[in-house]
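Welcome! Please take a moment to look over the sequence and the 3D view, then read on for a short guided tour.

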Amino acid sequence: MGKILFIAPEEETAQLVGKLEDSLGIDVGVDIVVAVGEERLKLLATCSERGIEVVVSRWGYSLRRARQVSDVPLVNVEITGYDIARALNAARAVSDRVGVAHMSNVVKGASMLAPLLGMKFVGAYVLDSDRPKALHDAIRRMRDLGVEVLLGGIAVTSLAASYGIQGLRIKAGEEALAAALLEAWRLIPVKQRERERTENIRAILDFAYDGIIALDKNGIITVFNPMAEQITRLKASNVIGKPIDFVMPELRGTDILALKTGPEVGKIRNIGGVQVITNRIPIVLDGRPVGAVVNFLDIGRIQGLEAKARKALATRGLVARVHFSDIIGSSRAMSQLVEMAKRYSQMDSPILICGETGTGKEMFAQAIHNASPRANGPFVAVNCAALPESLLESELFGYVEGAFTGARKQGKAGLFELAHRGTIFLDEVSEMPLSVQARFLRVIQEKEVIRLGDDRVIPVDIRIIAATNKDLEALVQEGNFRKDLYYRLDVLNLMLPPLRERGKEDIRACLEYFMRKCELRLGHPLKELDPEDMEVVLNYRWPGNIRELENFVERIGALADPGDGSMPPGLVNSMLSSKECPGSHGRREGGEEGGCRSLREMELEAIERALKECGGSKRRAAALLGISQTTLWRRLKTAGKSEGENA
């Protein structure tokens with residue numbers, strides 16, 4: 001398919017153009033078609049789909065109309081002086097009573113050349129595209145003046161015959177055709193570069209995250225990109241060509257065109273019920289506005305992109321891998337605990353998880369996160385006891401360049417920032433220094449952080465889950481934990497029971513799970529424990545809870561026979577019988593808590609303190625503890641202290 005389309009008025013011209021194409025060395029294809037009148041305009045409508053870059057023809061006074069329907073450049077074959085001279089010479093051979101009806105430049109050229117050839121026009125008429133019927137009157141007048149030969153184009157010469165006048169065409173010669181072809185050829189690379197720029201701009205507009213609207217000097221919309229359609233829910237086809245103040249009066253497009261406000265950047269507006277940030281920039285040429293560009297961003301989309309960016313920064317495994325289905329245990333206590341945790345997951349309040357070491361506090365935190373609306377956000381876990389005070393503060397809050405000696409040159413985002421739109425899990429929160437507790441309290445209250453060495457406030461949207469194996473209330477009374485922070489964290493709470501209180505069915509289930517897991521790692525099966533060994537395992541108190549049980553399975557896996565997976569006789573008994581959990585049977589003398597003091601014992605102690613403060617009234621004690629009287633009665637009954645209750 002040729003890049004140039006040449007529309008010739010007759011076959012003679014078409015053949016001449018074909019010869020010129022070869023002699024001029026034009027290295028793009030030229031399609032040559034014979035057509036006149038309306039047929040030419042129909043051809044223009046198909047140029048883009050045919051890959052035509054430029055169209056060449058002798059347009060005459062139809063050039064203006066052709067440009068209105070064409071979306072490709074048009075080159076007009078201009079009549080030269082040689083063409084006029086040849087036509088005059090041919091007319092002189094017929095008669096000396098000659099007239100001309102053509103475009104103004106041709107009529108003027110013929111008038112200048114005629115005297116040089118010893119000729120004088122009897123009549124001349126300049127064609128008027130706005131008054132096509134006037135041509136009839138002009139030819140009639142020329143006939144009355146005695147014109148015998150009329151020079152003109154196809155339409156003029158055809159009409160002249162109907163009035164008894166011989167018509168002679170002023171034809172474009174080889175020079176004019178060659179000039180038009182060369183001009184079209186030179187336009188090809190210009191057109192291609194223009195198309196490349198257009199496609200670049202189109203790609204920018206189509207794939208920009210901004211809604212972009214362009215206006216002309218009258219405030220008429222000329223560009224309305226896909227993102228603008230998405231944000232405003234308006235179709236480009238319905239708004240392009242309409243005034244901006246009519247389509248979206250809230251943008252006040254005429255204000256920016258009138259240069260009343262100058263460029264406007266970062267203005268928050270409401271467009272069709274959507275909160276957006278807008279920029280309005282006038283396009284000024286020679287001190288006067290010739291258009292404007294308005295771009296706007298959906299604030300909700302910005303927040304989503306921010307969350308995505310923060311999550312991308314958190315590429316250090318800040319994800320939760322545990323789900324509620326991964327928590328092993330079928331005892332009533334665990335079933336109730338899991339059900340409570342599932343309900344907590346749908347709320348956004350802080351959660352305080354209490355339990356002995358190894359009871360699975362982080363597993364519950366991860367499962368809560370994965371069941372919550374924040375599941376797609378980051379899960380950031382930090383052990384408050386594992387870092388010194390100065391390092392803990394910089395890790396949690398981040399820092400700017402130069403905040404302290406050894407700080408990274410570019411600064412660092414804190415864990416609170418990385419947890420934005422997600423969950424932060426603070427393990428062993430009881431070990432958090434008091435100075436850090438004060439700053440942490442602000443994060444909970446204000447939902448914002450300030451990096452070390454900075455004065456800029458950074459808003460954060462986080463869900464806080466804290467965990468401890470200590471009695472925070474006792475630490476508050478001792479002055480080692482802030483009272484206001486304790487009550488901020490203890491909005492929702494989970495008391496994880498130690499393994500020894502979960503029942504033998506849970507110990508058996510956990511044991512079997514860890515044995516299957518160990519088998520996969522070892523590559524050979526482990527033989528089930530014999531009844532005596534199983535009884536030892538089920539009756540052991542497991543002071544280290546789940547973690548100790550998992551380590552126990554690792555040891556027996558390492559010592560088992562690789563062939564049949566059997567264990568040496570007496571191995572289990574020797575591993576567990578010598579172990580003792582100091583203080584596992586309650587409180588030591590003097591009230592000092594044992595290392596394996598259960599949460600149930602801690603709970604009973606809290607109930608006893610509340611009863612003492614309320615003069616033995618269970619109703620008032622339950623209200624003070626934030627539990628129902630039924631729950632209070634059940635706890636006391638379990639402990640064998642339900643007699644003598646007071647109203």
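This report starts with the whole chain and then visits a few places in it.

## The whole chain

Keep in mind that this is a predicted model. Its chain has 647 residues, and 45% of them are buried. The secondary structure comes to 28 helices and 22 strands. About 33500 Å² of the chain is exposed, with carbon and sulfur atoms supplying 52% of that area. Among the contacts with a separation of 6 or more, 63% are between residues 24 or more positions apart.

## Aromatic pairs

Let us turn to the aromatic rings. A pair of such rings is described by the distance of the centres and the angle of the planes. How many aromatic pairs does a search of the whole structure find? The search finds 7. Two of them are set out here.

| Pair | Centre to centre | Angle between planes | Type |
|---|---|---|---|
| Phe379 and Phe425 | 6.3 Å | 20° | stacked |
| Phe397 and Phe416 | 5.3 Å | 55° | tilted |

Phe379 belongs to strand E15 (residues 379–383) and Phe425 to strand E18, so this pair links distant parts of the chain, 46 residues apart. Both Phe379 and Phe425 are buried.

Why does the pair of Phe397 and Phe416 count as tilted? Its planes meet at 55°, and the tilted class holds angles that are neither under 30 degrees nor over 60. Phe397 sits in helix H17 (residues 389–397) and Phe416 in helix H18, so the pair ties together parts that are 19 residues apart in sequence. Phe397 and Phe416 are both buried. Together with Phe440, these two residues form one aromatic cluster. Phe397 has a charged partner as well: the charged end of Arg439 sits over its ring, 4.3 Å from the centre.

## Nonpolar cores

In soluble globular proteins, nonpolar side chains tend to be buried together. Here the largest nonpolar core has 34 residues, and Leu396, Ile424, Leu426 and Phe440 are the ones that touch the most other members. Helix H19 (residues 434–446) gives the largest share of this core, 5 residues. Another core lies apart from this one. That core has 25 residues, including Leu499, Trp542, Phe552 and Val572.

Which residues does Ile424 touch, leaving out those up to four places away in sequence? They are Val380, Leu396, Leu415, Phe416, Ala419, Ile462, Arg463, Ile464 and Ile465. You have already met Phe416 as a member of the aromatic cluster.

## A buried arginine

Next, find Arg269 in strand E11 (residues 264–271). Is Arg269 buried or exposed? Its relative accessible area is 12%, and the limit for a buried residue is under 20%, so Arg269 counts as buried. A polar atom of its side chain lies 3.0 Å from the backbone oxygen of Glu250. The side chain of Arg269 also makes a polar contact of 3.3 Å with the side chain of Thr278. Beyond residues up to four places away in sequence, Arg269 touches several others, among them Leu251, Arg252, Val276 and Arg280.

## Stops in the loops

Most residues other than glycine have a negative phi. Arg233 has a positive phi of about 60° although it is not a glycine. This residue lies in the loop between helix H10 (226–232) and helix H11 (236–239), and at 65% relative accessibility Arg233 counts as exposed. Arg421 also has a positive phi, of about 65°. The loop between helix H18 (415–418) and strand E18 (422–427) holds Arg421, which is partly exposed at 29% relative accessibility.

Pro433 is in the loop between E18 and H19. Asn480 is 47 residues from Pro433 along the chain, yet their C-alpha atoms are separated by 8.4 Å. Not counting residues up to four places away in sequence, Pro433 touches Glu389 and Leu392.

The last stop is Lys242, in the loop between H11 and helix H12 (244–247). With a relative accessible area of 34%, Lys242 is partly exposed. From C-alpha to C-alpha, Lys242 and Leu215 are 9.7 Å apart in space, and in sequence they are 27 residues apart. Outside the residues up to four places away, Lys242 touches Gly219, Ile220, Ile221 and Val247.

Definitions and conventions: Residues numbered from 1 in each chain as written. Predicted model: local features only at pLDDT ≥ 70, side-chain atom pairs only at ≥ 80, totals over all residues. Heavy atoms only, no water. Helix = DSSP H or I, 4+ residues; strand = E, 2+ residues; numbered from the N terminus. Buried < 20%, exposed > 50% of the residue type's maximum accessible area, 1.4 Å probe, protein only. Contact = heavy atoms within 4.5 Å. Areas by Shrake-Rupley, 256 points an atom, 1.4 Å probe, with all protein chains shown as cover. Phe/Tyr/Trp six-rings, centres within 6.5 Å; stacked < 30°, edge-to-face > 60°. Lys NZ or Arg CZ within 6 Å of the ring centre and 35° of its normal. Polar contact = N/O pair within 3.5 Å; in protein donor to acceptor, adjacent residues only side chain to side chain. Core = buried A, V, L, I, M, F, W, Y, C linked by side-chain atoms within 4.5 Å.
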